[in-house]
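The following exercises introduce a protein model through its side-chain pairs and its burial pattern. Each task is followed by a solution in steps.

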Amino acid sequence: MCSGTRIKTRKRNIAAPLDPAAFADAVVQIYLDNAGDLELVAKNLESSDLNFSRYGDTFFEVVFTGGRTQPGTIKPDEGERHPYSVIECEAKREAILPSVIYIQKILRRRPFLIKNLENVMRRFLQSLELFEDNERKKLAIFTALAFSQKLSGLPPETVFQPLLKDNLVVKGLVLSFITDFFKEYLVDNSLDDLISILKRGKMEDNLLDFFPSAKRSPEGFSEHFTKEGLVPLVEYNEKKIFEVKLKEMKSALTTQIAEESDISEVIENVKQRVKDAKLPDIEVVRILWDVIMDAVQWSGKNQQQNANSALRQVKTWAKLLNSFCSSGKLELELMYKVQMQCYEDAKLMKLFPEIVKSLYDQDVLAEDTILYWFRKGANPKGRQTFVKALEPFVNWLEEAEEEE
């Protein structure tokens, strides 16, 4: 008969399972005994044998509201309460920051509590309408400081996603909360830091979702945050919208040019987009050139073939360029664009004078523009090489001018 090993069971001090009410009362008592001195409260909690793993949510209810809350609400439940909670602080960063640092300490010793903090914050944010205005502001300041202090791994989606409840958005409560949050966060952090948090919270492209439908427009966004003194955020958003519109125009134009659409149709399409999106003329000229040249079928080895293809493309779409190069300044911008492309793309390096001559022949570039670029052009990229290459053509222009 084989003999089995007998496993000795170690006796442990098994504390009687507490109920949430008794746990909450015990935590409240520690606050009261230490008159709300959070350093002392943290030390006493550390040395207590309270069952945090079981009652983590209850613990954060006591931290935020001073005692237990009734299930599914933020109403106080029966039991002891203390006056040192986040909600009882003044609505100022210096009053709320100690609570954030205190929670940070607790989380360092008990990292598993981050899940409970998430649970309680999610629940409170989904119930914003149950708080007073001033209490909502305190929650916003707390949330901003929690991210500022990089509170042990609090995920941004925990904060942003619960706010998107229709009933909260429609009352304007979310916009008010998020405005307080942005203002407070930007005291210590850059706009890039804020954008990074919004990205991680999957909100970077959906900021308008925080607005009630009556104000949900780019104009509403700009007006609201300008009034609130958050001009960098407004500028960031306008730049983002602008980039999207440029991208959309580029994409539509690429399709039309690839399909060799009727040129007057392409011109109308671009004009309409420029008007709708208020796109600056300079950007339009840059995009037109990029799209026209991107559509060329380049050869890997045959330089002559590349030269022919590029010049054929310029000739085909000259009327489109002409429609938007409507001033000397814009013609000069197009010349700089050609210069940059020929400088950056080895296969086009030697084509610069031919492209410029073709644009002149097609009435896209005026003589004055070419002469100005030749004498005073400001872009140094490859300038010496291109000036030398363009010299014979410029001499011809000057001679023709003298003859006239």
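The coordinates belong to a predicted model.

**Exercise 1. A pair of neighbours in sequence**

Task: Determine how the side chains of Lys92 and Glu90 meet, and classify each residue as buried, partly exposed or exposed.

Solution.
Step 1. The N to O distance for Lys92 and Glu90 is 3.4 Å. A salt bridge requires such a nitrogen and a carboxyl oxygen within 4 Å, and Lys92 and Glu90 do form a salt bridge.
Step 2. Lys92 has a relative accessibility of 41% and is therefore partly exposed.
Step 3. Glu90 reaches 52%. Exposed means over 50%, so Glu90 counts as exposed.

**Exercise 2. A salt bridge between two helices**

Task: State how many salt bridges the whole structure holds, and explain what the one between Arg123 and Glu61 ties together.

Solution.
Step 1. A search of the whole structure yields 20 salt bridges.
Step 2. In the bridge between Arg123 and Glu61, the closest N and O atoms are 2.6 Å apart.
Step 3. Arg123 belongs to helix 5 (residues 113-126) and Glu61 to helix 3 (residues 52-65), so this salt bridge ties together parts that are 62 residues apart in sequence.
Step 4. Glu61 is buried, at 7% relative accessibility.

**Exercise 3. A salt bridge within one helix**

Task: Describe the pair Asp133 and Arg136, and decide for each residue whether it is buried or exposed.

Solution.
Step 1. Asp133 and Arg136 form a salt bridge whose closest N and O atoms lie 2.3 Å apart.
Step 2. Both residues are in helix 6 (residues 133-148); being three residues apart there, they are separated by about one helical turn.
Step 3. Asp133 is exposed, at 59% relative accessible area, whereas Arg136 is buried, at 12%.

**Exercise 4. The surroundings of Glu46**

Task: Which residues are joined with Glu46 into one network by salt bridges that share partners, and where does Glu46 lie?

Solution.
Step 1. Salt bridges with shared partners join Glu46, Arg109 and Arg110 into one network.
Step 2. Glu46 is placed in helix 2 (residues 38-47), and its relative accessible area of 31% makes this residue partly exposed.
Step 3. Leaving aside residues up to four places away in sequence, Glu46 touches Arg109 and Arg110.
Step 4. The C-alpha atoms of Glu46 and Val27 are 11 Å apart in space, while the two residues are 19 apart in sequence.

**Exercise 5. Aromatic pairs**

Task: Give the number of aromatic pairs and characterise the pair Phe64 and Phe142 and the pair Tyr360 and Phe393.

Solution.
Step 1. The count comes to 22 aromatic pairs.
Step 2. Phe64 and Phe142 have ring centres 4.9 Å apart and planes at 75 degrees. Edge-to-face applies to planes over 60 degrees apart, and the pair of Phe64 and Phe142 is edge-to-face.
Step 3. Phe64 in helix 3 and Phe142 in helix 6 are 78 residues apart, and the pair links distant parts of the chain. Phe64 is buried at 1% relative accessible area, and Phe142 is buried at 0%.
Step 4. Tyr360 and Phe393 are also edge-to-face, with 5.5 Å between centres and 70 degrees between planes.
Step 5. Tyr360 lies in helix 18 (residues 352-361) and Phe393 in helix 20 (residues 383-403), so their pair ties together parts 33 residues apart in sequence. Phe393 is buried, with a relative accessible area of 9%.
Step 6. Ring pairs also build a cluster, with Phe147, Phe160, Tyr185 and Phe225 among its members.

**Exercise 6. A charge over a ring**

Task: Which ring does the charged end of Arg383 sit over?

Solution.
Step 1. The charged end of Arg383 sits over the ring of Trp373, at 5.0 Å from the ring centre.

**Exercise 7. Cysteines and disulfides**

Task: How many disulfides does the structure hold, and is Cys342 buried or exposed?

Solution.
Step 1. The structure holds zero disulfides.
Step 2. For Cys342, the nearest cysteine sulfur is that of Cys325, 15 Å away. A disulfide needs two sulfur atoms within 2.5 Å, and Cys342 is in none.
Step 3. Cys342 is buried, at 1% relative accessibility. Cys89 is buried as well, at 15%.

**Exercise 8. Domains**

Task: Into which domains is the protein chain divided, and what distance separates their centres?

Solution.
Step 1. The division gives domain 1 (20-238) and domain 2 (241-402).
Step 2. Taken over C-alpha atoms, the centres of domain 1 and domain 2 are 54 Å apart.

Conventions:
Residues numbered from 1 in each chain as written. Predicted model: local features only at pLDDT ≥ 70, side-chain atom pairs only at ≥ 80, totals over all residues. Heavy atoms only, no water. Helix = DSSP H or I, 4+ residues; strand = E, 2+ residues; numbered from the N terminus. Buried < 20%, exposed > 50% of the residue type's maximum accessible area, 1.4 Å probe, protein only. Domains from an automatic or database assignment. Contact = heavy atoms within 4.5 Å. Phe/Tyr/Trp six-rings, centres within 6.5 Å; stacked < 30°, edge-to-face > 60°. Lys NZ or Arg CZ within 6 Å of the ring centre and 35° of its normal.
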